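I opened the model to look up its salt bridges. My notes are kept in the order I took them.

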Amino acid sequence: MKRGQLSLDLLFAVLLIIVTLTNITYLATSEISHAERFDTFTKVRLFSSMLVDHSAKVYAIGEGYKVREIVPDLNGGTIRVVFDGATNKIIVNATVNGRSFWIVKNSTVPLSTSSVNLTSSEEFWITAYYNTTEGMLYVKVEK
């Protein structure tokens with residue numbers, strides 16, 4: 001064996017080790033990114049389910065009742081909550097790190113068309129009010 005052959009084998013082995021470590025690092029960062037995205041989606045989905053539940057509770061108690069809600073911490077993300085009275089749906093649109101998450105839930109109570117734009121850990125209100133012209137109780141969202 002010559003000296004040049006040994007160093008060529010060593011260089012090839014180092015190259016294989018570097019390629020393997022690069023692939024492992026890529027897989028680890030990819031899995032972390034997927035886990036963070038899943039965590040954010042889960043928080044938004046849980047938040048939207050809570051909105052449906054609390055709007056039903058506010059409606060059941062009656063006119064003038066309010067519930068204070070706090071937006072979950074989404075690492076600097078923003079959330080838009082829309083109560084759509086025409087389709088009777090609660091729409092939650094969250095934007096975190098350039099990614100958008102949309103959740104649409106059917107409401108079990110009549111909604112008034114209203115919306116709020118919120119940031120992480122900001123508070124807002126779910127309110128029941130009586131519309132005298134229609135003679136019906138509605139639920140709306142407000143800051």
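The entries below cover the salt bridges I checked in this predicted model.

Entry 1, the count. I looked up how many salt bridges the structure holds and found six.

Entry 2, within the helix. I found Lys 57 paired with Asp 53, their closest N and O atoms 3.2 Å apart. Both residues belong to helix α1, which runs over residues 3–61, and they sit four residues apart, about one turn of the helix. I then checked accessibility: Lys 57 has 46% and Asp 53 has 37%. I noted both as partly exposed because each value falls between 20% and 50%.

Entry 3, between strands. Which residue does Glu 142 meet in a salt bridge at 3.7 Å, N to O? I found Lys 66. Glu 142 is in strand β7 (residues 136–142) and Lys 66 in strand β1 (residues 66–70), so this pair ties together parts 76 residues apart in sequence. Glu 142 is partly exposed at 22%, and Lys 66 is also partly exposed, at 41%. I followed the contacts further and found Lys 66, Lys 140 and Glu 142 linked in a network of salt bridges.

Entry 4, loop to segment. Glu 122 and Lys 143 meet through their side chains in a salt bridge of 3.2 Å, N to O. I placed Glu 122 in the loop between β5 (114–119) and β6 (123–131), and Lys 143 in the segment after β7, so the pair joins parts 21 residues apart in sequence. For Glu 122 I noted a relative accessible area of 23%, partly exposed. Lys 143 has 56%, and I entered this residue as exposed because the cut-off is over 50%.

Definitions and conventions
Residues are numbered from 1 along each chain as its sequence is written. This is a predicted model: local features need pLDDT of at least 70, side-chain atom pairs count only at pLDDT 80 or more; totals for chains, interfaces and linings use all residues. Side-chain values use heavy atoms; hydrogens and water are left out. Buried means under 20% relative accessible area, exposed over 50%, partly exposed in between (1.4 Å probe, protein chains only).
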